[in-house]
Amino acid sequence: MKNILVYIFAASSLALTCCGQGDKKVKEAPPVPPRQELPFPKEPLGRVSDFEKVFTTEQINYLDSILAEEERKTTNEVALVTLSLDSTQRDNAIYLNNMALSLFTTWGVGKKGKDNGVGILVVPNLKKIRIEVGYGLEEKLTNEELQDIINSFFIPEFKKGDYYAGVLNGIQAIIREIK
């Protein structure tokens, strides 16, 4: 019986290698770490959480006032976060998407029951941006509209090195769409 198991194991390993299955490397996104090991702070600093010190205090205050006014008028919550991520994740869009979703879900962006939150994650060291939209706002801010806002308002200013102008223009465009 023992010899049969060894034979079956050897044959199956050989079959995988012969068919090319053993050499195939599937690029998978690393899982987002469990809650206690999240690669981001457990709580936001406010509507604007500038952990990377991209903005001045005045810029943060102005952005926060725009976001507070939007929430007061519509109850929609918009949060902006700047973080630095490990450069090994530079080309892993799935990891960035999962991490952004986990971040904004953990922080509870949007009103409970309304799912009316928009989370903007800017990763300056990787030159990346990811925006998550709550289910309650998906009809007002579709993926196509969001991509257009990113390409038209955020990215041109980011390429110039002006993160504040890009974020300000982008937030204003998002607010126009979700009213």
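**Hairpin β3–β4, helix α5 and residue N76**

In the predicted model, V118 has V133 of β4 as its bridge partner. The two strands concerned, β3 (residues 117–123) and β4 (residues 128–133), pair in the antiparallel sense over 6 bridges. Together β3 and β4 form a hairpin, with 4 residues between the strands. Within the turn, K127 has a positive phi of about 55 degrees.

Both strands of the hairpin also contribute to the surroundings of helix α5: the elements covering the buried residues of α5 include β3 and β4, along with α2, β2 and α4 (143–159). Helix α5 comprises 16 residues (residues 163–178). At 1.5 Å a residue the helix should span 22 Å, and its end C-alpha atoms are 22 Å apart, so the expected and modelled spans agree. The helix is mostly covered, with 12 of its 16 residues buried. The buried set consists of Y163, Y164, A165, G166, V167, L168, G170, I171, A173, I174, I175 and I178.

I178 of the buried set is also a contact of N76. N76 is located in the loop between α2 (57–74) and β2 (77–82). With a relative accessible area of 5%, N76 falls under the 20% cut-off and is therefore classed as buried. The side chain of N76 reaches the backbone oxygen of I178 at 3.3 Å. Leaving aside residues up to four places away in sequence, N76 touches E70, E71, N116 and L137 in addition to I178.

How values were computed: Residues numbered from 1 in each chain as written. Predicted model: local features only at pLDDT ≥ 70, side-chain atom pairs only at ≥ 80, totals over all residues. Heavy atoms only, no water. Buried < 20%, exposed > 50% of the residue type's maximum accessible area, 1.4 Å probe, protein only. Polar contact = N/O pair within 3.5 Å; in protein donor to acceptor, adjacent residues only side chain to side chain. Contact = heavy atoms within 4.5 Å. Pairing = 2+ DSSP bridges. Expected span 1.5 Å × (residues − 1).
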